[in-house]
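Student: I would like to go through this model and ask what stands behind each label. Could you set the values against the cut-offs as we go?

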Amino acid sequence: MKRLFYLMLTLPALFLTACNRTDEAAAKEAMLQRDGIYMVRGGEDLFVYKENTCQWSWQAASGVYRMFDDEMKGWFKMDCQGAVLTEGTRFNANLEWTTSNNVGSLKNVSLELLKIKNGLCYFWGSAQKIGLCLPIEAL
């Protein structure tokens, strides 16, 4: 009887853990399949680069990446000072972004550089479900 009781307690927890891993894998895969340059969190676009109205810059010496629209109403910044950006590496970064009506930031976000393809770097932060696709030169 005790075994059945413990089994009934642990099965829901195992099921929820499996669902969360599946959801994260699906979110990561969706992020990798998406076109463009962007920052998303939990499926919500926080910044999307538009080629005709946006700029981007990468300062390798300081480890700071920036994207911004021409009017500076929307922008994104990733500060990953000291990080070695190669596929498979994990590092911590500070993220800041704004939209026309909101300013947000996250400190010490754990990110992984999943892949580099066609001049684009795909980053994933599983704790916050953050996906980034950024063009970074000279890696």
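**Labels and their grounds**

Tutor: Start with Phe123, bearing in mind that the model is predicted. Leaving aside residues up to four places away in sequence, Phe123 touches Met31, Met78, Leu85, Phe91, Glu112, Leu113, Ile130, Gly131, Leu132, Leu134 and Ile136.

Student: What makes these count as touching Phe123?

Tutor: Contact means heavy atoms within 4.5 Å, and each residue on that list is in contact with Phe123. Phe123 also belongs to the largest nonpolar core, which has 35 residues. Along with Phe76, Met78, Leu132 and Leu134, Phe123 is among those that touch the most other members. Strand E8 (residues 120-125) gives the most to this core, with five residues.

Student: Why would such residues sit together?

Tutor: In soluble globular proteins, nonpolar side chains tend to be buried together.

Student: How do you know which face of strand E5 is buried?

Tutor: From the alternation along strand E5 (residues 75-79): Phe76 and Met78 point to one face and are buried, while Trp75, Lys77 and Asp79 point to the other and are not. Buried means under 20% relative accessible area.

Student: What makes E5 a partner of E4 and of E6?

Tutor: Two strands pair if there are at least two bridges between them. E4 and E5 have five bridges and are antiparallel; E5 and E6 also run antiparallel, joined by five bridges. In the first pair, Phe76 of E5 is the bridge partner of Met67. In the second, Lys77 stands opposite Glu96 in E6. The hairpin of E4 and E5 has five residues between the strands, and Met72 there takes a positive phi near 60°.

Student: Why are E2 and E3 called edge strands?

Tutor: The sheet is open, with nine strands in the order E2-E1-E9-E8-E7-E6-E5-E4-E3 and antiparallel pairing. Strand E2 (44-48) and strand E3 (54-59) each pair on one side only, which is what the label says. From one strand to the next, the twist averages 25°. E3 pairs with strand E4 (residues 64-69) over six bridges, against a requirement of at least two. Gln59 stands opposite Val64 in E4.

Student: How do you know that Cys80 is not in a disulfide?

Tutor: A disulfide needs sulfur atoms within 2.5 Å. The closest cysteine sulfur to that of Cys80 is in Cys121, at 9.7 Å, so it is too far for a bond. A search of the whole structure finds zero disulfides.

Student: Is Cys80 buried or exposed?

Tutor: Cys80 has a relative accessible area of 1%, so it is buried. Cys54, at 4%, is buried as well.

Student: Why is Thr98 called buried?

Tutor: The cut-off is under 20%, and Thr98 has 5%, so the label holds. Thr98 is in strand E6 (residues 90-98). Beyond four places in sequence, Thr98 touches Lys73, Gly74, Trp75 and Val103. A polar atom of the Thr98 side chain lies 2.8 Å from the backbone oxygen of Asn102.

Student: And why does Glu24 count as partly exposed?

Tutor: Partly exposed lies between the buried limit of 20% and the exposed limit of 50%. Glu24 has 24% relative accessibility, so it falls in between. Glu24 is found in helix H1 (residues 2-33).

Student: What makes the link between Glu24 and Trp124 a polar contact?

Tutor: The limit is 3.5 Å between N or O atoms, and the side chains of Glu24 and Trp124 are joined at 3.2 Å. Glu24 touches Ser126 too.

Notes. Residues numbered from 1 in each chain as written. Predicted model: local features only at pLDDT ≥ 70, side-chain atom pairs only at ≥ 80, totals over all residues. Heavy atoms only, no water. Core = buried A, V, L, I, M, F, W, Y, C linked by side-chain atoms within 4.5 Å. Buried < 20%, exposed > 50% of the residue type's maximum accessible area, 1.4 Å probe, protein only. Helix = DSSP H or I, 4+ residues; strand = E, 2+ residues; numbered from the N terminus. Axes fitted to C-alpha atoms, helices over the stretch in contact; angles between N-to-C directions. Polar contact = N/O pair within 3.5 Å; in protein donor to acceptor, adjacent residues only side chain to side chain.
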